[in-house]
Structure formats: structure tokens, C-alpha cells
Amino acid sequence: MLKVESLHQAYGGSHILRGLSFEVKTGEVTTLLGRNGVGKTTLLKSLMGLVKTREGSMSFDGRDITHLPPHERVKAGIGYVPQGREIFPRLTVEENLLMGLATRPGSSKIPERIFEMFPVLAKMMHRRGGDLSGGQQQQLAIGRALAMGPKLLILDEPTEGIQPSIIKDIERAIRMLAQTGEMAILLVEQYYDFAESLADQYLLMERGEFIMRGRGETMPQDGVREALAV
Ligand SMILES: Nc1ncnc2c1ncn2[C@@H]1O[C@H](COP(=O)(O)OP(=O)(O)OP(=O)(O)O)[C@@H](O)[C@H]1O
Ligand SMILES: [Mg+2]
């Protein structure tokens with residue numbers, strides 16, 4: 001679904017991503033792990049076209065997207081849940097979800113599945129986004145990205161600063177989405193247990209390079225938890 005080849009990225013003179021190559025497949029959760037500041041968000045922003053690619057290429061659904069602007073990538077079917085959520089605090093839950101729908105021509109109804117996954121959003125439909133708890137805002141941000149019916153869903157640290165009960169709900173939702181086989185999921189995480197429970201494939205990043213990678217089920221014997229903690 002998504003294929004990245006030899007991606008290099010830099011801010012000014014500082015080299016952040018150093019030749020990353022990987023694939024993200026439909027029906028799978030690919031988990032990207034790495035400590036603070038190693039370049040995880042920079043990679044996601046590159047995939048969204050929010051940072052211009054310095055070197056390397058990326059294709060999505062068989063199409064070269066290396067130089068596409070962000071809105072074209074969204075239209076092509078890449079859904080993005082940014083770190084820190086970035087919902088519209090002054091818009092209601094419903095309006096936030098409708099904003100997600102806006103990129104999808106010809107549809108005006110919020111998919112029922114979003115409310116099945118996150119019932120709290122149905123209950124809080126007319127509350128302002130900014131009045132929701134952090135965990136509820138995270139669910140709203142995921143719901144907004146799903147409203148456009150993405151083929152690839154990208155999530156940047158969805159558990160950051162969120163209470164355990166809601167982490168469980170989000171875990172269940174991501175697993176369910178992967179199991180439909182309709183989309184590919186790229187999940188950035190630092191919370192090891194959450195990452196391990198969801199990963200079909202994992203990538204471990206250190207200073208802009210992958211230092212370990214493999215199938216999710218081999219994460220314990222590969223020592224990923226320990227490598228992340230060092
Ligand atoms: N706009 C920017 N301009 C200059 N440097 C930046 C910019 N954004 C990030 N950086 C630097 O690039 C490096 C990688 O940052 P990035 O946000 O990609 O890390 P991260 O792995 O997502 O970290 P975290 O886990 O804390 O979210 C860091 O050293 C950061 O300070
Ligand atoms: Mg980040």
C-alpha cells in the first residue's frame with residue numbers, strides 16, 4: 001500500500017532521517033517505535049507532505065506521491081491523526097467529524113462505524129471539542145480521520161497522556177480496523193506494551209535510522225522493549 005525508499009530528511013543543516021526504506025501493508029498494523037526526538041514525527045510529516053522530501057521516494061497505492069501536496073495525499077486516501085490530536089476546539093464533535101468528511105466527495109453522512117467504535121462521540125455530539133477530555137479528543141481525532149474512509153491510517157502516539165481505560169478502547173478500535181482488511185495502519189508509539197499488542201510488523205528507530213525491524217510476534221525475543229529503554 002505504502003512504499004518508502006531511501007528517504008532522507010533534514011531541517012536546515014541537521015540531517016534527521018537517514019535513508020529509510022520500508023513498506024506498510026493493507027490489513028496490517030506497522031508499528032514504529034523510538035524514543036523522543038529520533039525523528040518519528042518527521043517521518044510522518046514527510047509521508048503527509050508537510051515536510052518536503054529531501055531525497056528518496058514514496059509511493060502509495062501504486063502511485064508516486066513523493067512531491068504531492070498534503071491535501072492531495074489526503075484525497076488519495078491517507079488519514080492522519082497528528083501528535084497532540086489537533087482537533088478544532090471551538091467546533092462541536094459533530095462539526096469536527098464533518099470536517100473529516102469534507103475531503104470525501106459526495107458523502108455527507110458520518111459513518112456509523114465511528115460511533116460503534118467510540119460511543120462517547122455519539123453521546124457528546126453537540127459538545128465543543130475543546131471541552132472533551134484528552135482521551136475523548138484522541139478518539140475524536142481518530143474518528144475525524146476515519147470519516148474520510150482512508151486506505152492508510154497514520155497515528156502519531158495516540159496513547160500519549162491518556163488514561164488507561166481509554167487506551168484500551170483505542171487499542172480495541174485499531175485492532176478492529178486492521179482486522180477489516182480494508183486499510184493499512186502505521187502507528188507511532190513509545191508505549192511498548194500497546195505497540196507490541198498491535199504490531200504485525202515493527203520498526204525501531206534510533207537517530208533517524210531503523211536499528212531493528214521484524215514481525216510483531218518476535219518483538220519479545222528480539223529485545224525491543226530493552227532496546228527502547230536503553
Ligand atoms: N520544524 C523543525 N525545525 C527544526 N528541527 C526540528 C523541527 N521539527 C523537529 N525538529 C528536530 O528534529 C528531531 C526529530 O524530531 P521529531 O519531532 O521527528 O522526533 P520524534 O521522534 O517525533 O520525537 P517525540 O517522540 O518527542 O515526538 C528533533 O531533534 C527535533 O528537535
Ligand atoms: Mg513525535
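# Notebook: strands, a helix and two ligands

**Entry 1: the hairpin.** I started with strand β1 (residues 2-11), which pairs with β2 in the antiparallel sense over eight bridges. I kept in mind that this is a predicted model. Next I looked up who faces whom. Val4 stands opposite Phe22 in β2, and further along Gln9 stands opposite Leu17 in β2. How many residues sit between β1 and β2 in the hairpin? I found two, and Gly12 in that turn has a positive phi of about 55°.

**Entry 2: the sheet around the hairpin.** I then traced the open sheet that these strands belong to. Four strands form it, in the order β2-β1-β4-β5, and the pairing is antiparallel. Which strands stand at the edges? They are β2 (14-24) and β5 (63-64), and each has a single partner strand, so one side of each is left without a neighbour in the sheet.

**Entry 3: a threonine in β3.** I picked Thr30, which lies in strand β3 (residues 29-33). Is Thr30 buried or exposed? Its relative accessible area is 0%, so I wrote it down as buried. I also checked the side chain of Thr30, and a polar contact of 2.9 Å joins it to the side chain of Gln201.

**Entry 4: helix α1.** On to the helix at residues 40-48. I went through its nine residues and noted that seven of them are buried, so α1 is largely enclosed by the rest of the structure. For my own list, the buried ones are Lys40, Thr42, Leu43, Leu44, Ser46, Leu47 and Met48. A reminder to myself: an α-helix has 3.6 residues a turn, so residues three or four places apart point the same way. Just after α1 I came across Gly49, which takes a positive phi of about 80°.

**Entry 5: ligand 1.** I stayed with α1, since it turns up again here. It gives the most to the shell around ligand 1, with three residues. Which of the 13 residues around ligand 1 come nearest? I noted Asn36, Gly37, Lys40, Thr41 and Thr42. I sorted the shell by type too, and it divides into three nonpolar, seven polar and three charged residues.

Then I looked up some distances to oxygen atoms of ligand 1. A polar side-chain atom of Lys40 lies 2.6 Å from one. For Gly39, a backbone N or O atom lies 3.0 Å from an oxygen atom of the ligand. For Glu157, an N or O atom in the side chain is 3.0 Å from an oxygen atom of ligand 1. I also checked how covered the ligand is: taken alone, ligand 1 exposes 640 Å², and the protein buries 58% of that.

**Entry 6: the magnesium ion.** Which residues coordinate ligand 2, the magnesium ion? I found Thr41 through OG1 and Gln83 through OE1, at 1.9 to 2.2 Å. Thr41 lies in helix α1 and Gln83 in the loop between β6 (78-81) and α3 (93-101), so the pair ties together parts that are 42 residues apart in sequence. I looked at how covered Gln83 is as well: it has 26% relative accessibility, so it counts as partly exposed.

**Entry 7: Arg90.** Arg90 also has its place in the loop between β6 and α3. With 65% relative accessibility, it counts as exposed. I then compared places along the chain with places in space: Arg90 and Arg128 are 38 residues apart along the chain, and their C-alpha atoms are separated by 5.7 Å.

**Entry 8: strand β7.** What did I find for the five residues of β7 (residues 152-156)? Five of the five are buried, so this strand is largely enclosed by the rest of the structure. Leu152, Ile154 and Asp156 point one way from β7, while Leu153 and Leu155 point the other way.

I looked up the partners of β7 next. β6 pairs with β7 in the parallel sense over four bridges, and Ile78 stands opposite Leu152 in β7. Strand β8 (residues 184-189) runs parallel to β7 and is joined to it by five bridges. Leu152 turns up here again, with Ala184 as its bridge partner in β8.

**Entry 9: Gln221.** My last stop was Gln221, in helix α9 (residues 219-222). It has a relative accessible area of 61%, so I marked it as exposed. Gln221 and Ile211 are 10 residues apart in sequence, and their C-alpha atoms are 15 Å apart in space.

Terms used:
Residues numbered from 1 in each chain as written. Chains lettered and ligands numbered in written order. Predicted model: local features only at pLDDT ≥ 70, side-chain atom pairs only at ≥ 80, totals over all residues. Heavy atoms only, no water. Near = heavy atom within 4 Å. Polar contact = N/O pair within 3.5 Å; in protein donor to acceptor, adjacent residues only side chain to side chain. Areas by Shrake-Rupley, 256 points an atom, 1.4 Å probe, with all protein chains shown as cover. Nonpolar A, V, L, I, M, F, W, Y, C, P; charged D, E, K, R; others polar. Donors = N, O, S within 2.8 Å, 3.2 Å for Na, K, Ca; no water. Buried < 20%, exposed > 50% of the residue type's maximum accessible area, 1.4 Å probe, protein only. Pairing = 2+ DSSP bridges.
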